[in-house]
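This report describes a protein chain from its domains down to single side chains. The sequence and the model are shown first.

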Amino acid sequence: AAPSNPVGGRDVIANLWEWNWPSVARECTTQLGPKGYGGVQVAPPQDSVKRQRLGDGSDTILHPWWEVYQAVDYALTSRMGNEAQFRSMVSTCRRAGVKVYVDAVVNHMTGQGDTSYGGVKYARYDYAGLYGQGNFHKYSGDCPSASGGIEDFNNLQQVFNCELVGLADLRTDTSVVRSRVAAYLNKLLGYGVSGFRVDAAKHVGQADLDAIYARLHDTKDGTRPYWALEVFGGGPGRLAPDAFVRSGVVLGLDGVKQLKSAFKSYPTDAAGSIATLRDFGEDSGLTPSRRTLSFVQNHDTERNGDALSYKDGATNRLATQYLLAAGYGRPQVYSAFSFTTADDSPPATPDGMITDAACGSGWTCAHRDRGVTALVRWHNGVGAAPQAHWWDDGANVIAFSRGDRGWVAMNNNTVARTVRVQTGLARGRYCDVVTGGRSCSGTVVAVNGSGVARVTVPAKGTVAVLAASRR
Ligand code: AAO
């Protein structure tokens, strides 16, 4: 079986979604490595649909972000760069101590178009030298819906064998397709990639995922590849996220909704206050921590209303800090581009090639936020120590320790709050890593002989101290 999350250590992943390869490489060296991130997730690197101008004067977005989710070929010729740039990015990141995880589109090929970024000419069920009609469920008779598409997301046969939004569904139940998919992923592993986010994993299904995984080589570090499965919640039986945890780690998509309701509904809905996070994780019905890749949002949920987004500003930062502190799942920090409509392209040339990521001009750079990087450092400092000393005011202020290694307090109000709390720490004066960074120039938390501290937590802010940051 695929491995669980690593325990403790530098495990935080930055999801630099649709950053181009030279920008990812630069970021690994200058930011991610130095700030304590242990991994970076990148967008699908295989060749994809490149939409052509319609010539009808319509204002349809020519190169929406989702072009990259329509695979044309397993050559690494994408909107983010070419194969040489991809390889160089992976080795640069590895040298900076940052492992690379790839978004793998293996459930399907395309649903439209005839030309790719790599210049390949194709048809929906014909990819010369790779797949033809016999490799698709469209022609195998296994899809029971009248339209050939998924009409009912609760129907197992449809979810596995019919087409997701019209995307040509691969027969991953055959050894020919399994071998070709595995060859693609093994090529990436050979370049130094450490694992995958498996796109539309719910539609591949457990048996096919397991068979593909069994064909994968070890990583360059000699470990089994990380294998994080995209499975939206809500499906019954074998379609539920819980039914996939034996095949791999699953994406924490239900947790995303709980985080939004905790952080965003207060004070309009007091029931949704952050005090409810006392139970966040397995106690609130989520998949096991060691089998969950958790995040506040990803590219789908920041658009579909399930999640907070960069548009929520300080509330989104606070939720990200909470996730890094909580210890549920392997935390991932999402960082992409700002958008107006759901289909917007990332900043790109007229030809669709994504341009270098410039923070503040089109790119949110949430992973660089000092409040976030402080909590990455704190997360690494507390390691695998369990949550203890939970405290809340019944509404919008919470505090907890991670064993005796660190203590944190968070305030989701729009005004500062002063609290008197049991920290579980030994008597002493501790430096807040959020306001003080590494230099201890900010807030100092004084803990008395009984472990109690009186602390003022800023509006929409966090105070976080490490036992190791005692003065
Ligand atoms: C584009 C065009 C289409 C066109 C197509 C082919 O937009 O009009 O037909 O090309 O020409 C992305 C875009 C698509 C885009 C596609 C290909 O989102 O718009 O299509 O690239 O370019 C389901 C899947 C899940 C999938 C999600 C979008 O299960 O795997 O749909 N996510 C991944 C990617 C995604 C990508 C693809 C897959 C395809 O992350 O970006 O698509 O590679 C329910 C179901 C879920 C279902 C959702 C959304 O979920 O249970 O299975 O996800 O609905 O349809 C609560 C409920 C939960 C519900 C959820 C919905 O959480 O509990 O049950 O709300 O918000």
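## Rings, barrel and domains

In this predicted model, the charged end of Arg 330 sits over the ring of Tyr 226, at 4.7 Å from the ring centre. A similar arrangement involves Arg 303, whose charged end sits over the ring of Phe 339, 4.3 Å from its centre.

Aromatic rings also pair with each other: 23 aromatic pairs are found in a search of the whole structure. One of them joins Tyr 127 and Phe 136, with ring centres 6.0 Å apart; the planes make 45°, so the pair is tilted. Tyr 127 and Phe 136 are both buried. Another pair is Phe 263 with Tyr 322, where the centres are 6.0 Å apart and the planes stand at 55°, so this pair is tilted too. The pair of Phe 263 and Tyr 322 links distant parts of the chain, 59 residues apart: Phe 263 belongs to helix 7 (residues 253-264) and Tyr 322 to helix 9 (residues 314-326). Phe 263 and Tyr 322 are likewise buried. Ring pairs also build a cluster from Tyr 74, Tyr 122, Tyr 125, Tyr 127, Tyr 131, Phe 136, Tyr 139 and Tyr 184. Tyr 127 and Phe 136, described above as a tilted pair, are thus among the members of this cluster.

The ring contacts with stated distances are set out below.

| Partners | Distance | Arrangement |
|---|---|---|
| Tyr 127 and Phe 136 | 6.0 Å between ring centres | tilted, planes at 45° |
| Phe 263 and Tyr 322 | 6.0 Å between ring centres | tilted, planes at 55° |
| Arg 303 and Phe 339 | 4.3 Å from the ring centre | charged end over the ring |
| Arg 330 and Tyr 226 | 4.7 Å from the ring centre | charged end over the ring |

The next topic is the sheet. Eight strands form a closed barrel with parallel pairing, in the order 1-2-5-6-7-8-9-10. On average, and with direction ignored, neighbouring strands of this sheet are turned by 30° against each other. Within the barrel, strand 6 (residues 195-198) and strand 7 (residues 226-229) run parallel and are joined by four bridges. Phe 196 has Trp 227 in strand 7 as its bridge partner. Helix 1 (residues 21-35) packs on the sheet, where it touches strand 1 (13-16) and strand 2 (39-42); the direction of helix 1 makes about 165° with that of strand 2. Helix 2 (residues 83-95) packs on the sheet as well, touching strand 2 and strand 5 (99-104), and its direction makes about 140° with that of strand 5.

Helix 6 (residues 206-214) has as its buried residues Gln 206, Asp 208, Leu 209, Ala 211, Ile 212 and Tyr 213. The cover over these buried residues includes helix 3, helix 4 (175-190), strand 6, helix 5 (201-204) and strand 7. Leu 156 lies in helix 3 (residues 156-161). With a relative accessible area of 24%, Leu 156 is partly exposed. Apart from neighbours within four places in sequence, Leu 156 is in contact with Arg 238 and Leu 239. From Leu 156 to Pro 458 the separation is 302 residues in sequence and 49 Å in space, C-alpha to C-alpha.

How is the chain divided? The domain assignment gives domain 1 (13-382) and domain 2 (387-470). The centres of domain 1 and domain 2, taken over C-alpha atoms, are separated by 34 Å. In domain 1, 23 residues are in contact with 28 residues of domain 2.

Strand 11 (residues 387-392) and strand 12 (residues 397-402) run antiparallel, joined by four bridges. Ala 388 stands opposite Ser 401 in strand 12. The hairpin of strand 11 and strand 12 has four residues between the strands, and Gly 394 in this hairpin takes a positive phi near 80°.

Positive phi values also occur outside glycine. Glu 18, a residue other than glycine, has a positive phi near 65°. Glu 18 is found in the loop between strand 1 and helix 1, and its relative accessibility of 0% makes it count as buried. For Cys 440, also a residue other than glycine, phi is positive and near 60°. Cys 440 is found in the loop between helix 11 (433-436) and strand 16 (444-447). At 17% relative accessibility, Cys 440 counts as buried, because the cut-off is under 20%.

Key:
Residues numbered from 1 in each chain as written. Predicted model: local features only at pLDDT ≥ 70, side-chain atom pairs only at ≥ 80, totals over all residues. Heavy atoms only, no water. Phe/Tyr/Trp six-rings, centres within 6.5 Å; stacked < 30°, edge-to-face > 60°. Buried < 20%, exposed > 50% of the residue type's maximum accessible area, 1.4 Å probe, protein only. Helix = DSSP H or I, 4+ residues; strand = E, 2+ residues; numbered from the N terminus. Lys NZ or Arg CZ within 6 Å of the ring centre and 35° of its normal. Pairing = 2+ DSSP bridges. Axes fitted to C-alpha atoms, helices over the stretch in contact; angles between N-to-C directions. Contact = heavy atoms within 4.5 Å. Domains from an automatic or database assignment.
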